[in-house]
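Colleague: Before I use any of the labels in this model, I would like to know which rule stands behind each of them. Could we take them in turn?

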Amino acid sequence: MSKSSRTLPKVAVLMGGPSAEREVSLSTGRECATALRDEGYQVTELDAGPDLAARLQADRPDVVFNALHGRWGEDGCVQGLLEWLGIPYTHSGVLASALAMDKQRAKSIYRAAGLPVVESGIYSKTEVMAGHVMAPPYVVKPNNEGSSVGVYLVNEVANGPPQLSADMPDEVMVESFAPGRELTTTVLGDKPLTVTDILTDGWYDYDAKYKPGGSRHVLPADVPEEIFALCLDYAVKAHDALGCRGISRTDFRWDEARGAEGLILLETNTQPGMTPTSLTPEQAEHCGMTFGQLCSWLVEDATCPR
């Protein structure tokens, strides 16, 4: 889609939705809608609900900008709806979205691609609360949610297993805790952008990710050249192995004491946040791309099928 050769496409920004990450999605959607209007696009904002298909058919957008986060929005569900309706959309398609959202299946794909991951497994909530299912330290999280929603860190000094909240799913993923620094790399198209070192006072949880001052982002990350290059390489390999499109962001932990062997791939996010405190817009800006240009790039990259 060339902005210079034709009228700019009409864009519907999907946001909100019913997932646990609704508020983050609303923030992302508003930011992206404003940026796209500033770039000259005709934009409508759609809070995704049960009537989404009917609203899209009535609105008849040329492109859907997917600003949804969490279940239904980044797990292949809304992507399938858009494929059915034949509307070009941003970010990854059905299969890549579903695979990346399923953390355990994604780890299997990473292993097959030769990428470093920790030991992990799927266990029932009852099992996890009855006794340690692996030697601490380990992490318990929903297998198909993001943004550190419902994450439990069980330390080595823990006397007993974690008591999970009622809103945790019946099955959860348990993985060995990977110590070290939090690093992340965005892939745009087929190019890695840079590496960010995420500094927090404690666990990189929901508040650290999304509340102003919750974390400090150092970019480019002050790490050895070998580690920096490996993050870029692993992020592209993860993006390709999952079949991602458009944009993705892959997160790592790096144990400095172990050198290159201490770099572990955690997960790939096919719908990285686009809020004022988000990592991907910061990386794009560092590489010379404004927030508006980033949003515009995603719109111009939109296709159907994905």
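**Labels and their rules**

Modeller: Both Lys 141 and Glu 175 are buried, a word that stands for under 20% relative accessible area, with exposed for over 50% and partly exposed in between, using a 1.4 Å probe and protein chains only. The model is a predicted one, in which local features need pLDDT of at least 70 and side-chain atom pairs count only at pLDDT 80 or more, while totals for chains, interfaces and linings use all residues. Residues are numbered from 1 along each chain as its sequence is written, and side-chain values use heavy atoms, with hydrogens and water left out.

Colleague: What makes the contact between the side chains of Lys 141 and Glu 175 a salt bridge?

Modeller: The rule asks for a side-chain nitrogen of Lys or Arg within 4 Å of a carboxyl oxygen of Asp or Glu, and the N to O distance for Lys 141 and Glu 175 is 3.1 Å, so this pair meets the rule. The pair links distant parts of the chain, with Lys 141 in strand β5 and Glu 175 in strand β7, 34 residues apart; helices (H or I, at least four residues) and strands (E, at least two) are DSSP runs numbered from the N terminus.

Colleague: How do you know that Lys 141 also forms a salt bridge with Glu 267?

Modeller: The closest N and O atoms of Lys 141 and Glu 267 are 3.8 Å apart, which is within the limit, so the pair counts as well. Here Lys 141 in strand β5 is linked to Glu 267 in strand β12, 126 residues apart, and both residues are buried.

Colleague: What can be said of Arg 253 and Glu 182?

Modeller: Their side chains meet in a salt bridge with an N to O distance of 3.2 Å. Arg 253 belongs to strand β11 and Glu 182 to strand β8, 71 residues apart, and both are buried. Salt bridges that share partners join Lys 107, Lys 141, Glu 175 and Glu 267 into one network, and the count by this rule comes to 13 salt bridges.

Colleague: Which strands are the edge strands of the open sheet?

Modeller: The sheet has 4 strands in the order β4-β7-β5-β6, with antiparallel pairing, and its edge strands are β4 (120-124) and β6, each of which pairs on one side only. Two strands pair if DSSP finds at least two bridges between them; β4 and β7 pair in the antiparallel sense over 5 bridges, so they satisfy that condition. Ile 122 stands opposite Met 173 in β7.

Colleague: Why is Gln 163 called exposed?

Modeller: Gln 163 counts as exposed because its relative accessibility is 55%, over the limit for that word. The residue is in the loop between β6 (152-154) and β7 (171-176). Leaving aside neighbours within four places in sequence, Gln 163 is in contact (heavy atoms within 4.5 Å) with Met 129 and Tyr 152.

Colleague: Why is Ser 278 called buried?

Modeller: Ser 278 has a relative accessibility of 6%, so it counts as buried, and it is found in the loop between β12 (263-269) and α9. Its side chain reaches the backbone oxygen of Gly 273 at 3.2 Å, while the backbone nitrogen of Met 274 lies 3.4 Å from a polar atom of the side chain of Ser 278.

Colleague: How do you know that Cys 231 is in no disulfide?

Modeller: A disulfide is a pair of cysteine sulfur atoms within 2.5 Å, and the count by this rule comes to 0 disulfides. For Cys 231 the nearest cysteine sulfur, that of Cys 287, is 14 Å away, so the condition is not met. Cys 231 counts as buried because its relative accessibility is 0%. Cys 304 is in no disulfide either, the nearest cysteine sulfur, that of Cys 77, being 16 Å away.

Colleague: Why is Cys 304 called partly exposed?

Modeller: Cys 304 has a relative accessibility of 26%, which lies between the two limits, so it counts as partly exposed.

Terms used. Polar contact = N/O pair within 3.5 Å; in protein donor to acceptor, adjacent residues only side chain to side chain.
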